[in-house]
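Please open the structure in a viewer and keep the sequence panel at hand. The tour proceeds by selections, each followed by a description of what is found there.

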Amino acid sequence: FFKQKTAYEIPKRDWSSDVCSSDLIREGAACILDATPAAPAKNGEGSMSPRRSNLHGTVRKRGNKWELRWKDSSGKRVGEYVAFRTRREALNAVAERGLAAMRRAEVGDTDVLVRDLYAALRDDYEAKRQHVPTLERAWSKLSPVFGQALARTVTTEDVQGYIKARLAEKAGQYNRSTSRATIQRELSALRRMFRLGAHSRRVAIVPYFPTIETANPRQGILEPKEIASLRRHLRHPAMRLLVTLAEATGWRAQSELLPLTWSRVDLDTGEVRLDPNTTKNREARRIFLPDYALSELRQWRKATTALERKAGCIIPTVLHRDGKPVKSYREAWNRAARAAGLAGKTMHDMRRSSVRESTRVGITDTVAMKMHGHKTAEVFRRYNITSEGDLQAAAAKRGRSIGAKLGQDTKAREIGRAHV
């Protein structure tokens, strides 16, 4: 009786969920067999259902809408009329609003700006030795939109508007639209700001941050002839040495090769080491340079020693311009790439090329992963690019093998027919 609702028991009544005994007591026994329709509400939208409650508020259906009531952060009762299909949706909605109010009451309605959250995120980047310039580039785009906004006023709609504006924006030398991967990195930084603020109890509610679909990972590689052409168009010997080391080691240029110091280089054995706190995966790494790279590095060491004697100071970094550490290679790289007819190629393509060459000469995947600093086989396979030349070489190799076998089979059949 208590879990059924039939036409003759509750005719023309608006019950959006199962009947229970408390409903009958609250409404009175007359409602069980009352066949008369309920009186219409004042607004003409239908009948009013009993009030239901949970830990965070109450709901009651009024016509085709639900009345939600809960307490705000100051303890004052507030309400809202919302259209829901079921009582469960209304109860979930009031629970969400009541819980958000409780969190605001715990945290306090402090006027925390998004720029304050950025400062905390920057400190977190520095503490974890992450690449701060990447965060600064993302913040340079986020700051005009969210910098002066209160953290508690930022909504999902604001984030979606930012995505739409960034996708329509065109900038750069070639007036190209911003890549989706760049926008996704900016959204990741903004989302991390709010999560750190929530952990430190400075932000009550973290809004939902939508993600955008990004293109497939880059698969650019450089053939040995293209690398040689690039080196010829680089003016400074430090830049040429950077390309050589990037090809020989497959290490990251900006975060691992540019900060490399002479104390981590053994010119006698050709060993180059990276400390655990200088690599992206926080693992120590070492590699032995091939002869051509070691010879160029020794010549550069002689030039550095002569410059130290002339200037009367020690030059600790391997890659330097007149004793000053190289901070960026992008301008020199882009100029050389355009001159060599390789516009669009990046320094990170050298890393993929190095991984590819390691596997082509027969180095096992385990050893290559240790050399180049890949922690998982999945990422290593992503860097091991298969080029058109590899496919052509595989077809030629297979053709020689199958052709030889087919030739042997033909010769055997001819000998068999001769015996017959």
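The salt bridges come to 21 in this predicted model, counting each side-chain nitrogen of Lys or Arg within 4 Å of a carboxyl oxygen of Asp or Glu.

**Stop 1: salt bridges**

Select Glu 296 and Arg 231, whose side chains form a salt bridge with an N to O distance of 2.8 Å. Glu 296 belongs to helix α11 and Arg 231 to helix α8, so this pair ties together parts that lie 65 residues apart in sequence. Glu 296 is buried, at a relative accessible area of 19%, whereas Arg 231 is partly exposed, at 24%.

Next, select Glu 308 and Arg 301. Their side chains also meet in a salt bridge, at 3.1 Å from N to O, and both residues are buried.

Then select Lys 141, Arg 166, Glu 169 and Glu 186, which a network of salt bridges links. Within this group, the side chains of Arg 166 and Glu 169 meet at 3.1 Å, N to O. Arg 166 has a relative accessibility of 4% and therefore counts as buried; Glu 169, at 28%, counts as partly exposed.

**Stop 2: helix α6**

Arg 166 leads to the next selection, helix α6, residues 156-168. Does the buried side of this helix form one face or several? Colour Thr 156, Val 159, Tyr 162, Ile 163 and Arg 166, the buried residues of α6. They cover an arc of only 115° around the axis, which puts them on the same side of α6. On the other side, Glu 157, Lys 164 and Ala 168 are exposed. Display α5 (132-146) and α7 (180-199) as well, since the buried residues of α6 pack against these helices.

The length of α6 can also be checked in the viewer. With 13 residues at 1.5 Å a residue, the helix should span 18 Å; its end C-alpha atoms are 19 Å apart, which agrees.

**Stop 3: Gln 184 in helix α7**

Remain with α7 and select Gln 184, which lies in this helix. Its relative accessibility is 14%, so Gln 184 counts as buried. Leaving aside residues up to four places away in sequence, Gln 184 touches Arg 191, Thr 211, Ile 212 and Thr 214.

**Stop 4: Gly 220, between two helices**

Follow the chain to Gly 220, in the loop between α7 and α8. Gly 220 is buried, with a relative accessible area of 15%. What does Gly 220 touch beyond residues up to four places away in sequence? Its contacts of this kind are Lys 345, Asp 349 and Arg 352. A distance drawn from Gly 220 to Arg 352, C-alpha to C-alpha, reads 7.4 Å, although 132 residues separate the two in sequence.

**Stop 5: helix α8**

Select helix α8, residues 224-233, and mark its buried residues, Ile 227, Ser 229 and Leu 230. Seen down the axis of α8, they fall within an arc of 160°, so they line one face of the helix. Pro 224, Lys 225 and Arg 232 are exposed on the other side of α8. The cover over the buried residues of α8 includes α9 (237-249), α12 (330-339) and α13 (348-360).

**Stop 6: the nonpolar cores**

In soluble globular proteins, nonpolar side chains tend to be buried together. The largest nonpolar core here has 39 residues; select Leu 242, Leu 289, Val 318, Tyr 329, Trp 333, Met 347 and Met 350, the members that touch the most others. At least two residues of this core come from each of α8, α9, α10 (253-257), β8 (271-274), α11 (291-311) and α12. The greatest contribution is that of α9, with eight residues.

Centre the view on Tyr 329. Not counting residues up to four places away in sequence, Tyr 329 touches Met 239, Leu 242, Ala 253, Gln 254, Leu 258 and Met 347. Apart from this core lies another, of 26 residues, including Val 112, Leu 121, Ile 163 and Leu 190.

**Stop 7: the whole protein**

Finally, display the entire protein, in which there are 16 helices and 11 strands. Of its 420 residues, 36% are buried. Among contacts with a separation of 6 or more, 56% join residues 24 or more positions apart. With the surface shown, the protein exposes about 25500 Å², of which carbon and sulfur atoms supply 52%.

Key:
Residues numbered from 1 in each chain as written. Predicted model: local features only at pLDDT ≥ 70, side-chain atom pairs only at ≥ 80, totals over all residues. Heavy atoms only, no water. Buried < 20%, exposed > 50% of the residue type's maximum accessible area, 1.4 Å probe, protein only. Helix = DSSP H or I, 4+ residues; strand = E, 2+ residues; numbered from the N terminus. Arc of directions from axis to C-beta. Contact = heavy atoms within 4.5 Å. Expected span 1.5 Å × (residues − 1). Areas by Shrake-Rupley, 256 points an atom, 1.4 Å probe, with all protein chains shown as cover. Core = buried A, V, L, I, M, F, W, Y, C linked by side-chain atoms within 4.5 Å.
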